[in-house]
Protein chains: 2
Amino acid sequence: MEPIVRPRSVHQVTAVIGTGVVAPGALVASADDLGLTRGDGVFDAMRVLPRGDGWEAENLERHLRRFVRSAAAAELPEPDLGQWREAIAQAMAACDLEGEGVLKLVLTRGDDHGTDRTPLGFCTVSPLVPGARRPLAVTTLALGRPSNAFADAPWLLGGVKTLSYAVAMAAKREAARRGCDDALYVSTDGVALEATTAALLWVDHGVVCSTPSGTTGILESITLAVILDAMAETGTPTDRRLVRAEQLDAMTGAWLASSARGVCPIATLDGRRLPVDDGWTDRLASAAGF
Amino acid sequence: MEPIVRPRSVHQVTAVIGTGVVAPGALVASADDLGLTRGDGVFDAMRVLPRGDGWEAENLERHLRRFVRSAAAAELPEPDLGQWREAIAQAMAACDLEGEGVLKLVLTRGDDHGTDRTPLGFCTVSPLVPGARRPLAVTTLALGRPSNAFADAPWLLGGVKTLSYAVAMAAKREAARRGCDDALYVSTDGVALEATTAALLWVDHGVVCSTPSGTTGILESITLAVILDAMAETGTPTDRRLVRAEQLDAMTGAWLASSARGVCPIATLDGRRLPVDDGWTDRLASAAGF
């Protein structure tokens, strides 16, 4: 899933909790920050859209709730949402976007040494050039875990948006090496789980389906939740169920969904053509606000 | 494994590649650094010992070689060892240790945006108070992977010291919650793999054994390699083999080994007493330089 082309001149705005907006490119983390040295922290990210004279973060309340859940799962101090709303407002007021943007929230465990371990929190607003939100070439990649790997093992941080995304980044590079836009993780028992940074959904005989979170370790996608809510409102049946990667060939269609990149159909999976249903793509994307 | 007590007044020295030694507590990473936001980078760490009028990093060449291997596995630009040796020398010259220290090398993928993505590299020297290098209470924790999970899946970054250590940090917290010093990861097929930040070794009928790296995803421990080399020199048989966690009860002894914390016997595993053999402990620790 590579529909994003970063503009050459980047106008990223950063606001640090307790400090406010900092200079472009300013340094924010020490050499001792556990987010930097251990990937020990959590984040969340959402799309930013023009609204009136300014900007609005899409589904902000849902993303804040997930951010708080991630922090709790990682046993970080509970984010003070008043402070975070203030930092977000400061970053939004200072940002200089031409189209869409991405708001990212980052919370680390803070410095490893020292007498008080104060978490580092900051948010950034960056330009997002959606480019072609288009049919995707996807490769499956083994995740090396069974589909129930996260049962009774909270220390594995299943479903938690931690800062430890090195494997997702490596999987994206492997997908690119295979000429693909993104990778779909498959469990050792053959279940299609989620993409590196996007949820999987598919339509099976009129039912909008996605994989369950919980024991699978799959992240609770906000975009997916918004789609499933919208489907429920119109009486369209939905389900959370396991699917084998090769079963996707026989579905009405399959899509990857994320907050920044919308809902894109999977056109090929491991080189095999999957049905692309434009009507469903429009319906699902529209439900997600794209 | 918690034999380290950090002193209250910390004298950490940081040297940044291309910059040199920075002020204590100086910020080094931007809000856009992929090491900070994605745990996308690699590190290595080793003990620092007094040597003559100054300090020496133990097994530096081996650690540098592993650092280069980690960078290659993560597809980062190859570290310029000339630059790294210079930064290490600067940090060592500026450090103010009273006993032992830890030298840490960190390399991130650099800023996500911008026209050139220059990696961020820095090293730190921090005090290490060894405290009690003592028998350990260890709990097993499920890793949610079979013992061959990393076969043919280089994107899973098995054996690579990435900055994405959030699960190791969570496992350490879970161990502490259970009243233990460290956690020993166990695969879904019951194999004891490694501790959160230490290698596992055991003695079985006079053979010094450890778990194999490769398809298990276990990190190649430098301390372990040094021990196995020393054993080979004295004609003591060694082996790399799989072991089930419960089989450790019947061994002459079992130990956790790491560069900073030495070789500590496992006194209890999930509350069961394991044999502690002081003779072997002395011999293994001495072989590792402790």
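In chain B, 6 strands make an open sheet with antiparallel pairing, ordered 2-1-7-6-4-5. This is a predicted model, and the predictor assigns the complex an ipTM of 0.93 and a pTM of 0.94. Chain A lies on chain B with an RMSD of 0.0 Å after a turn of 180° and a shift of 0.0 Å along the axis. That is how a two-fold axis relates copies.

**Sheet of chain B**

- The order of the 6 strands in the open sheet of chain B is 2-1-7-6-4-5. Strand 2 (20–21) and strand 5 (54–57) of chain B stand at the edges with a single partner strand each, so one side of each has no neighbour in the sheet.
- Strand 6 (residues 100–108) and strand 7 (residues 120–128) of chain B run antiparallel and are joined by 9 bridges. B:K104 has B:T124 in strand 7 of chain B as its bridge partner.
- Helix 2 (residues 60–73) of chain B packs on this sheet. The helix touches strand 4 (41–51), strand 5 and strand 6 of chain B. Its direction makes about 175° with that of strand 4 of chain B.

**Sheet of chain A**

- Chain A also has an open sheet of 6 strands, in the order 2-1-7-6-4-5 and with antiparallel pairing. Its edge strands are strand 2 (20–22) and strand 5 (54–57) of chain A, each paired on one side only.
- From one strand to the next, the twist averages 30°.
- Strand 1 (residues 13–16) and strand 7 of chain A run antiparallel, with 4 bridges between them. A:V13 stands opposite A:V125 in strand 7 of chain A.
- Helix 2 of chain A packs on the sheet and touches strand 4, strand 5 and strand 6 of chain A. The direction of this helix makes about 175° with that of strand 4 of chain A.

**Domains of chain A**

- The domain assignment splits chain A into domain 1 (13–128) and domain 2 (136–287). Their centres, taken over C-alpha atoms, are 26 Å apart.
- Contacts link 20 residues of domain 1 of chain A with 12 residues of domain 2 of chain A.
- On the domain 1 side, strand 4 (41–51), helix 2 (60–73) and strand 6 (100–108) of chain A each supply at least two residues. Strand 4 of chain A gives the most, with 7 residues.
- By class, that side of domain 1 of chain A divides into 8 nonpolar, 7 polar and 5 charged residues.

**Interface between the chains**

- 52 residues of chain A contact 52 residues of chain B.
- Strand 3 (27–30), helix 1 (34–38), strand 7 (120–128), strand 8 (136–142) and helix 4 (166–177) of chain A each supply at least two residues of the side that touches chain B. Helix 4 of chain A has the largest share, 7 residues.
- The side of chain A that touches chain B has 27 nonpolar, 16 polar and 9 charged residues.
- Strand 3 of chain A pairs with strand 3 (residues 27–30) of chain B in the antiparallel sense, over 3 bridges. A:S30 stands opposite B:L27 in strand 3 of chain B.

**Symmetry**

- The turn that lays chain A on chain B is 180°, the relation of a two-fold axis. The same surface serves both copies, with 100% of the contact residues of chain A recurring in chain B.

**Confidence**

- Chain A has an average pLDDT of 93, and 94% of its residues score at least 70.
- Over residues 1–9 of chain A, pLDDT stays under 50. For these residues the model has 28 contacts beyond four places in sequence.

Notes
Residues are numbered from 1 along each chain as its sequence is written. Chains are lettered from A and ligands numbered from 1 in the order in which they are written. This is a predicted model: local features need pLDDT of at least 70, side-chain atom pairs count only at pLDDT 80 or more; totals for chains, interfaces and linings use all residues. pLDDT is the predictor's confidence in each residue, from 0 to 100. Two residues are in contact if their C-beta atoms, placed from the backbone, lie within 7 Å. Ala, Val, Leu, Ile, Met, Phe, Trp, Tyr, Cys and Pro count as nonpolar, Asp, Glu, Lys and Arg as charged, and the others, Gly among them, as polar. Two strands pair if DSSP finds at least two bridges between them. Domain bounds come from an automatic or database domain assignment. Copies are superposed by least squares on the C-alpha atoms of residues with pLDDT of at least 70 in both. Axes are lines fitted to C-alpha atoms, for helices over the stretch in contact, and angles run from 0 to 180 degrees between N-to-C directions.
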